Amino acid sequence: KSTLKFKQHNIEHHIAHIASSYFISPWKKCAGFSVDGSGDFVTAMFTKCEGNEIKVLKKIFVPNSLGSLYTMVCEFIGYTKYGDEGKIMGLAPYGTNTYKKLFDDLVKIQKNGFKLNNKYFNKFGTNQGVQINEKGEAYIDKHFSDEMIQILGKPTIPYSEITKRDMDLAYGLQNKFEEVYLHLLNELYKIFPEKKVCIAGGGALNSVANGKIFDQTKFEETCIQPAAGDDGLSLGAALYVYNSVLGNEKRYVMKGSYLGPDYSDEEIKVALETKGIPFTKFNKKDLIDSTVNEIASDNVVGWFQGKMEWGPRALGNR
């Protein structure tokens, strides 16, 4: 009979999220913040990160979840696939604040956190979370209740025309998400007034909200894990065990997310020729001028350079 030669460590969901950010930062002391749909029945966590330790200061529990709020509205306006939330963040600027009263009733900000109005949601536990369809695509069961239909009418059919209602709901959702997200960060600062904060969890992929941290909170530096969602949990768990459980002093500092392969001009040229794709090679100045002219003419430009990035908000090199 074989004997397992490894030891198992069970790491709490949000601890792993925060570890994935803190233990790749250059800091020895900072605040830690994680927010997502839920993990181990927790939807947000505040921590004090110092040395090799992550100390939990506060937890917010299901069903009060910023992630569930975002997912529910995404589903209602026809974006039902797991990970579609980023599309709604991009749709939001096209809308107006038509549904302010609805979102003010949907989620209430409280001194120590926030509370969702459960009448708009299916009861927690009635769905089975992420599932896989016959195409191998991840999807999530319906989150919204009949109350949403009574107020707004029928939900949008996926892949149908985007309406003003969809854009206005996206605007209201993003606006409320930012309000609560920044409120939570301000509450964290009150508990642990440190100028640096490391952030992870699926909610940390809301790059628009992250861009407002410096203007609307007292935090002055951020370290945000590029694979902030559940894809970063394995990294966070491993880093937590290495640093906190085993007490190792050596720290890896992640200086960028450009961790994938890159390709030389010659390799790209061969690939284009092999596929019979026409191309033109520019010097640097002409390339920049040509690109600027295309953008100024309202055209879309695809840009490819350097190493591939890690994480779903990988927009710098692609």
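A polar contact of 3.3 Å joins the side chains of His17 and Asp36. The model in which this contact occurs is predicted. This briefing covers the surroundings of His17 and Asn210, the salt bridges, and the aromatic pairs. Across the whole structure, a search finds 14 salt bridges, and the count of aromatic pairs comes to 8.

**Surroundings of His17**

- His17 is a residue of helix H1.
- The relative accessibility of His17 is 0%, so this residue counts as buried.
- Besides the side-chain contact with Asp36, a polar atom of the His17 side chain lies 3.3 Å from the backbone oxygen of Ala228.
- When neighbours within four places in sequence are left aside, His17 is in contact with Ser34, Asp36, Ala200, Gly201, Ala228, Gly229, Asp230 and Leu233.
- Asp36 and Ala228, the two partners named above for polar atoms of the His17 side chain, are thus also listed among the contacts of His17.

**Salt bridges**

- Glu12 and Lys59 meet through their side chains in a salt bridge, with an N to O distance of 3.1 Å.
- Glu12 lies in the segment before helix H1 (13-22) and Lys59 lies in strand S3 (residues 53-61), so this salt bridge ties together parts that are 47 residues apart in sequence.
- Glu12 counts as partly exposed because its relative accessibility is 25%, and Lys59 likewise counts as partly exposed, at 30%.
- A salt bridge also joins the side chains of Glu50 and Lys48, at 3.5 Å from N to O.
- Glu50 has a relative accessible area of 37% and is therefore partly exposed; Lys48, with 28%, is partly exposed as well.
- The side chains of Glu187 and Lys190 form a salt bridge at 3.1 Å, N to O.
- Helix H6 (residues 164-191) holds both Glu187 and Lys190, which are 3 residues apart, or about one turn of the helix.
- The two partners of this bridge differ in accessibility: Glu187 is buried, with a relative accessible area of 11%, whereas Lys190 is exposed, with 61%.
- Lys100, Asp104, Lys176 and Glu179 are joined into one network by salt bridges that share partners.

**Aromatic pairs**

- Among the 8 aromatic pairs, Tyr70 and Phe177 form one that is edge-to-face, at 5.4 Å centre to centre and with 90 degrees between the planes.
- This pair links distant parts of the chain, since Tyr70 belongs to helix H2 (residues 66-76) and Phe177 to helix H6, 107 residues apart.
- Tyr70 is buried, with a relative accessible area of 4%, and Phe177 is buried, with 3%.
- The ring centres of Phe177 and Tyr181 are 5.3 Å apart and their planes are at 20 degrees, so this pair is stacked.
- Phe177 and Tyr181 are 4 residues apart in helix H6, which means that about one helical turn separates them.
- Both Phe177 and Tyr181 are buried.
- Ring pairs link Phe33, Phe46, Tyr70, Phe177 and Tyr181 into a cluster.
- Phe177 therefore takes part both in the edge-to-face pair with Tyr70 and in the stacked pair with Tyr181.

**Charge over a ring**

- Arg251 lies over the face of Tyr22, at 4.7 Å from the ring centre.

**Surroundings of Asn210**

- Asn210 is placed in helix H7 (residues 207-210).
- With a relative accessibility of 12%, Asn210 counts as buried.
- The Asn210 side chain makes a polar contact of 2.6 Å with the side chain of Tyr181.
- Tyr181, the partner of Asn210 in this polar contact, also belongs to the cluster of linked rings.
- Leaving aside neighbours within four places in sequence, Asn210 is in contact with Tyr181, Ala204 and Ile224.

Methods: Residues numbered from 1 in each chain as written. Predicted model: local features only at pLDDT ≥ 70, side-chain atom pairs only at ≥ 80, totals over all residues. Heavy atoms only, no water. Helix = DSSP H or I, 4+ residues; strand = E, 2+ residues; numbered from the N terminus. Buried < 20%, exposed > 50% of the residue type's maximum accessible area, 1.4 Å probe, protein only. Polar contact = N/O pair within 3.5 Å; in protein donor to acceptor, adjacent residues only side chain to side chain. Contact = heavy atoms within 4.5 Å. Salt bridge = Lys/Arg side-chain N within 4 Å of Asp/Glu carboxyl O. Phe/Tyr/Trp six-rings, centres within 6.5 Å; stacked < 30°, edge-to-face > 60°. Lys NZ or Arg CZ within 6 Å of the ring centre and 35° of its normal.
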